[in-house]
Amino acid sequence: MLREGFANNAIRGGWWWWWAPPGICVALLGTGLALLNFGIDEFINPRLRNVGLSQRGARKAGISLSTTLGITPVLGRRQAPPVGATPTSGVTDAVLEIHGFSVDYGYGEEAVHAVADCNLVLRRGQVLGLAGESGSGKTTLALAALRLLRTPGVITAGEVLFHSQPNGEGPAGTIDLLSAGPEQLRAVRWSEISVVLQSALNALNPVITVGAQFDDLLRAHRPQLSGSQRWQRSGELLDMVGMNADRLRSYPHELSGGMRQRAMIAMALALEPQVMILDEPTTALDVVTQREILEELMGLRDRLGFAALFITHDLSLLVELADEIAVMYAGRLLERAPAASLFHAPRLPYTHGLLNCFPPMHGRRLPMAGIPGSPPDLRDLPSGCPFHPRCAWAMPRCRQEAPPLAPLNGSSREVACWLQTGDVPVPAELARPDPVARSSERPAAVKPGSAL
Amino acid sequence: MTAAAAPVLEGRSLIKSFWVKQGRGPLARKARVHAVEDVSVSLEAGKVTAVVGESGAGKTTVGRLLAKILKPDGGEVLLDGRPAPGGRPRSYAAQVQMVFQDPFASLNPVHRVRHHLERPLKIHHLADGHVDAAVADLLRRVALEPADNFIDKFPHELSGGQRQRVAIARALAVQPRVLIADEPVSMLDVSIRLGVLNLLAGLRDREHLAILYVTHDIASARYLADTIVVMYAGQLVESAPSVSLTDTPAHPYTQLLLSAAPDPDRARAPELSAPGAPPSLLAPPSGCRFHPRCPHAMDVCRSQAPPNVTVAKGHVAACWLHVEPALRRVSETELSTAVNASALKS
Ligand SMILES: Nc1ncnc2c1ncn2[C@@H]1O[C@H](COP(=O)(O)OP(=O)(O)O)[C@@H](O)[C@H]1O
Ligand SMILES: Nc1ncnc2c1ncn2[C@@H]1O[C@H](COP(=O)(O)OP(=O)(O)O)[C@@H](O)[C@H]1O
Ligand code: SF4
Ligand code: SF4
Ligand SMILES: [Mg+2]
Ligand SMILES: [Mg+2]
């Protein structure tokens with residue numbers, strides 16, 4: 001029938017009754033086979049059976065969300081609080097503050113609490129490291145703070161404040177990102193806070209050249225520049241990250257992984273942001289390339305003065321790189337300290353264990369244990385302290401009550417552990433002298449009965 | 001290296017290239033990727049040998065050549081000093097087993113742990129009649145205890161580390177003498193990597209397996225391995241006992257790798273001595289393949305491949321720096337004798 005239809009010029013002649021029925025049959029058959037295929041997949045691959053259908057979940061939980069495309073919804077969102085009434089940490093040079101931040105995947109009963117009650121303060125010009133194993137919620141935290149998290153991600157509580165002091169004509173003053181509208185978010189994202197993700201290949205458009213992508217970006221945000229000025233600026237940006245300006249003519253797939261990641265960093269720097277969020281920017285790269293890119297990045301930080309939230313699972317790398325490190329586990333922040341303190345004098349059993357997961361490059365080779373067990377499933381979190389099933393020092397209390405992240409007396413660091421609240425003696429491994437406190441502040445108080 | 005223990009499995013002067021298509025459509029032509037060139041490694045019982053290098057260095061290819069999953073273009077694979085049989089007969093697979101990087105991809109998601117472990121037992125007619133006991137024993141050897149908790153699970157119900165343990169148990173089922181582990185921990189969470197490395201160390205110490213540990217992480221190689229060999233652009237550039245290699249690296253590329261690796265103990269990371277990237281293996285550089293990046297490159301490096309020089313006991317580096325200046329220009333045949341003579345003297 002179709003062939004006859006074609007033979008009779010049915011499409012050109014507009015005789016739909018010739019080609020439409022058989023066409024629909026073919027289309028239906030294709031769709032049917034595809035659906036059957038999905039069905040078989042779901043049946044034979046048991047992993048897929050567990051995936052919840054979140055929209056249905058939202059309705060079932062009685063939550064109606066008016067979502068705007070590309071903006072993570074915030075549950076129970078109120079009007080924007082009056083400026084000045086928002087709580088701040090009191091840190092004077094803060095550029096990004098995150099308070100009581102919680103993020104779920106899904107709604108109601110099926111919700112997975114991927115980030116729970118997190119507090120973070122990024123200071124101007126600082127490198128803040130966010131360390132944690134894969135699945136601990138680092139990416140979720142960072143993307144949700146900019147409201148870039150895709151469905152079924154929902155922000156359920158907290159405050160994200162951006163204290164803007166733009167280099168150019170961007171918005172100034174404190175912006176509450178959780179009550180900001182699409183316009184405000186657009187003005188902040190990329191120009192003031194930019195993000196570099198692990199997989200640059202997915203972030204760059206594969207069908208247009210690197211130069212054209214720079215051009216699009218600059219044209220949208222710097223309309224006053226002429227075409228040749230944009231091209232020149234793009235070249236300068238590539239040069240800044242150690243790439244030849246010729247590369248503007250390349251397509252992303254023609255670049256090596258390291259080059260693509262450099263191009264991404266250059267694009268993230270194009271609008272001179274105040275904050276860069278780097279989510280595992282070098283994890284997929286070889287060590288030599290990783291080191292080169294990190295050296296360049298740190299050089300640029302010194303020169304341009306942006307603050308960076310550097311996310312990685314590689315704590316040993318972070319120690320060399322960051323000013324301050326926050327350790328995340330099962331969606332919670334469990335310790336925060338200056339990098340040197342955290343490395344030489346961890347106060348949290350998990351941090352101590354994590355540091356013991358990286359074999360040293362010097363000295364005698366000694367057996368190391370890593371951490372027993374494996375990271376918890378967020379759908380089925382242990383009660384109390386989420387680390388207790390793997391903790392060598394777990395006490396009965398740890399199984400019942402989750403410890404709060406609290407300042408450790410006499411220092412600028414925080415830890416969430418029942419061992420550090422002063423009620424019990426602290427094990428020697430978790431009471432090593434703090435190199436930072438020793439030099440600048442009061443030494444960390446030595447608890448009675450501790451090994452020191 | 002040492003003549004003391006006879007190697008269980010040995011690769012001698014292995015060569016492998018792949019043919020890849022260049023360009024598209026009718027203009028496409030075949031080009032040759034020199035993936036592995038003249039690589040020799042030997043694995044001893046009760047020892048772990050690590051192969052370290054950046055991605056694309058040819059580490060996986062060496063592992064696959066030794067496992068006879070790939071056929072070498074040149075060189076030979078010796079099992080117990082005898083040329084291994086052609087192809088990959090069952091008798092060879094029973095002695096040399098491979099563990100892969102991605103424990104999810106290597107375990108079929110529709111089968112339970114029991115199935116994965118029973119299959120090799122049945123195929124190789126091991127454990128007649130006592131299959132359940134044999135499976136439980138395998139799980140115990142990889143520290144998945146109690147076995148009843150794991151035996152009827154699907155791969156997706158296990159954590160990454162547990163999956164990799166099942167993959168190792170499956171390799172152990174046929175009672176191999178050699179285990180070739182290709183990046184066995186690089187896809188696992190950091191906190192459980194050491195557990196799997198310690199498991200491999202236990203198999204070496206208790207069961208005297210010969211293990212090839214392929215990795216890009218030189219710190220973990222130092223931790224686990226007895227010997228480390230470093231590969232660059234398809235060639236072996238240095239091999240030594242692991243502490244000697246990491247404490248006193250002799251080859252400029254090894255030095256570069258070490259300076260780039262994260263090391264929180266040092267106050268400041270040293271400046272990288274040789275930035276840049278490994279060369280294309282379609283047309284590798286002449287002479288020493290590292291010469292375009294090497295801060296010490298000399299004329300001779302550009303024209304002639306460096307010889308393997310013994311710089312200390314069991315420590316060999318392929319680099320002209322370790323050849324006496326006067327000997328750096330002689331012809332190749334004279335060279336090897338001269339170099340060996342000078343090495344013996346020192
Ligand atoms: N789309 C999703 N739906 C449900 N759960 C998710 C989704 N994306 C991530 N998660 C879960 O959220 C947790 C945190 O993930 P992520 O933020 O990516 O961690 P990290 O970046 O630390 O590796 C993980 O346990 C993951 O399983
Ligand atoms: N099947 C193949 N076909 C074509 N090229 C290959 C194949 N396998 C490996 N190669 C090439 O051989 C080189 C070495 O690869 P590989 O042994 O996988 O390195 P490594 O494991 O060190 O990353 C690479 O350049 C790779 O692209
Ligand atoms: S609160 Fe208890 S279980 Fe948690 S880390 Fe501290 S000691 Fe361990
Ligand atoms: S042989 Fe020459 S180029 Fe190669 S590593 Fe040694 S000094 Fe450098
Ligand atoms: Mg992540
Ligand atoms: Mg490989």
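Grouped by class, the residues around ligand 1 are four nonpolar, six polar and two charged. The model is predicted, and the contacts described below were computed from its atoms.

**Ligand 1 in chain A**

The shell of ligand 1 includes an unbroken run from Glu133(A) through Ser134(A), Gly135(A), Ser136(A), Gly137(A), Lys138(A) and Thr139(A) to Thr140(A). Tyr105(A), Ala114(A), Pro152(A) and Leu378(A) also surround ligand 1. Helix H6 of chain A, residues 138–145, supplies three residues, the largest share of this shell.

Polar contacts to oxygen atoms of ligand 1 involve two backbone partners and a side chain, as tabulated here.

| Residue | Polar atom of the residue | Distance to an oxygen atom of ligand 1 |
|---|---|---|
| Gly135(A) | backbone | 2.7 Å |
| Gly137(A) | backbone | 3.0 Å |
| Thr140(A) | side chain | 2.3 Å |

On its own, ligand 1 has 570 Å² of accessible area, and the protein covers 63% of that.

**Ligand 3 in chain A**

The space that ligand 3 takes is the largest cavity. Its shell has 11 nonpolar residues, one polar residue and no charged ones. Four cysteines are among the residues surrounding ligand 3: Cys385(A), Cys391(A), Cys398(A) and Cys417(A). The aromatic side of the list includes Phe387(A), Trp393(A) and Trp418(A). Pro349(A), Ala394(A), Pro403(A) and Leu419(A) belong to the shell as well, and His388(A) is also found there.

**Ligand 4 in chain B**

Ligand 4 sits in the second largest cavity. There are 13 residues around ligand 4, and those that come nearest are Cys288(B), Cys294(B), Cys301(B), Cys319(B) and Trp320(B). By class, the shell of ligand 4 divides into 10 nonpolar and three polar residues, with no charged residue. The shell of ligand 3 likewise has no charged residue, whereas the shell of ligand 1 has two.

**Overall form of chain B**

Chain B contains 11 helices and 12 strands. Its radius of gyration is 22 Å, close to the 20 Å that the globule rule gives for 346 residues, so chain B is as compact as a globular protein of that length. The C-alpha trace of chain B spans about 70 × 55 × 40 Å along its principal axes.

**Summary of the sites**

Ligand 1 has polar contacts with Gly135(A), Gly137(A) and Thr140(A). Ligand 3 takes the space of the largest cavity, and ligand 4 sits in the second largest.

Terms used. Residues are numbered from 1 along each chain as its sequence is written. Chains are lettered from A and ligands numbered from 1 in the order in which they are written. This is a predicted model: local features need pLDDT of at least 70, side-chain atom pairs count only at pLDDT 80 or more; totals for chains, interfaces and linings use all residues. Side-chain values use heavy atoms; hydrogens and water are left out. A residue is near a molecule or strand if one of its heavy atoms lies within 4 Å of it. On a 1 Å grid over the protein atoms alone, a cavity is a set of points where a 1.4 Å probe fits but cannot get out, and a pocket is an open set with protein on both sides within 12 Å along at least five of seven lines; lining residues have an atom within 4 Å of a point. A molecule sits in a cavity or pocket if more than half of its atoms lie within 2 Å of its grid points. Ala, Val, Leu, Ile, Met, Phe, Trp, Tyr, Cys and Pro count as nonpolar, Asp, Glu, Lys and Arg as charged, and the others, Gly among them, as polar. A polar contact is a pair of N or O atoms within 3.5 Å; within protein, one must be able to donate a hydrogen and the other to accept it, and residues adjacent in sequence count only if both atoms are side-chain atoms. Accessible areas come from the Shrake-Rupley method with a 1.4 Å probe; for residues, only the protein chains shown count as cover. Helices (H or I, at least four residues) and strands (E, at least two) are DSSP runs, numbered from the N terminus. The radius of gyration is taken over C-alpha atoms; the globule rule is 2.2 Å times the number of residues to the power 0.38.
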